[in-house]
Amino acid sequence: MKRNHQRTRPEQRTSPRYRLTSPPEVEILHDESSTPVKARLGDLSRGGCYVETECLLSLGTEVTITLNKSGDQVRAQARVVRASPNNGLALAFTSMEGDGFRILDSWLSTFVATTWVAASHRRSQRVAMRIEVRVSGYNSEGARFTEDTHTVQISAAGGLVILQTPVNRGQRLVLSNLQTKVTVECMVAYREAVQVGLAFIVLNQPFWPIDFPPADWSPRHPDAK
């Protein structure tokens, strides 16, 4: 196996990466070997992934990666953009077969929504606070909309807002703080009547006017003393 001793460089990330709680199985093939590379998924995004493996490939090596989860399969061509000896490989997707992007989006959407729901159930991680916000994007029928509204609750993972516009779970929207003018990308994680749960695409965004305690906070946490 050919080893590359040149200095590695950080890959340019265009999409947030997530460490899934139930990751898909990974199989990697490359031209230098007919034997699949043994690897485990570290984190995943729409633009690429990081795999934990002892196999070190040269920067720029083209590989075929297959992800299998619950009967769904994503098969893509990818390129090695970062290599960590005895640690793993960062891969950037260059092309995707069939319904790969749709399946990938469903995995990521489920993870983001689940994270939001978990945070909303932790009383220490949510605060009832009214903040004037603007929500924009596309509605459930595909028409562009912009609606000025307000939050009901906020948390480190997102917020619960009042929204008259019909939207579907998994849709991506833009949330703007009307006072600070800060905007973030969100995903619809929950909807009941006019209450809509918006989950930050990138977790722990510095968007709200208050700081939230760590996710593992409890009365026994060191920061509570």
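Two strands pair if DSSP finds at least two bridges between them. Helices (H or I, at least four residues) and strands (E, at least two) are DSSP runs, numbered from the N terminus.

The model is predicted: local features need pLDDT of at least 70, side-chain atom pairs count only at pLDDT 80 or more, and totals for chains, interfaces and linings use all residues. Residues are numbered from 1 along each chain as its sequence is written, and side-chain values use heavy atoms, with hydrogens and water left out.

**First stop: strand 11**

Select residues 158-162, which form strand 11. Add strand 10 (residues 144-155), which runs antiparallel to strand 11 and is joined to it by 4 bridges. These two strands form a hairpin, with 2 residues between them. At this hairpin, S155 stands opposite G158 of strand 11.

Now add strand 14 (residues 195-200), which pairs with strand 11 in the antiparallel sense over 5 bridges. Here the bridge partner of G158 is A199.

Is strand 11 enclosed or open? Of its 5 residues, 5 are buried, so strand 11 is largely enclosed by the rest of the structure. Buried means under 20% relative accessible area, exposed over 50%, and partly exposed in between (1.4 Å probe, protein chains only). In a regular strand the side chains alternate between the two faces of the sheet. Colour G158, L160 and I162 for one side of strand 11, then G159 and V161 for the other: all are buried, and both faces are covered.

**Second stop: E132**

Move to E132, found in strand 9 (residues 132-138). E132 is partly exposed, with a relative accessible area of 39%. Its side chain makes a polar contact with the side chain of R130 at 3.1 Å; such a contact is a pair of N or O atoms within 3.5 Å, where within protein one must be able to donate a hydrogen and the other to accept it, and residues adjacent in sequence count only if both atoms are side-chain atoms.

Next, select H150, which is 18 residues from E132 along the chain, although their C-alpha atoms are separated by 4.4 Å. Leaving aside neighbours within four places in sequence, E132 is in contact (heavy atoms within 4.5 Å) with T149, H150, S176, N177 and L178.

**Third stop: the nonpolar cores**

A nonpolar core is a set of buried Ala, Val, Leu, Ile, Met, Phe, Trp, Tyr and Cys residues joined through side-chain atoms within 4.5 Å. The largest such core has 39 residues, and L44, V51, I65, L91 and F93 have the most contacts inside it. Among the elements that give two or more residues to this core are strand 1 (25-30), strand 7 (88-96) and helix 1 (100-120). Helix 1 gives the most, with 8 residues.

Centre the view on L91: beyond its neighbours within four places in sequence, its contacts include I28, V51, I65 and V80. A second, separate core of 20 residues includes F145, I154, L173 and W208.

**Last stop: aromatic pairs**

Rings of Phe, Tyr and Trp (its six-membered ring) pair if their centres lie within 6.5 Å; planes under 30 degrees apart count as stacked, over 60 as edge-to-face and the rest as tilted. How many aromatic pairs does a search of the whole structure find? The search finds 4.

Select Y18 and F111: their ring centres are 5.6 Å apart and their planes are at 50°, so this pair is tilted. Y18 lies in the segment before strand 1 and F111 in helix 1, so the pair ties together parts that are 93 residues apart in sequence. Y18 and F111 are both buried.

Finish at F200 and F207, whose ring centres are 5.9 Å apart with planes at 70°, so the pair is edge-to-face. Both F200 and F207 are buried. Add W208 to the selection to see the cluster into which ring pairs link F200, F207 and W208.
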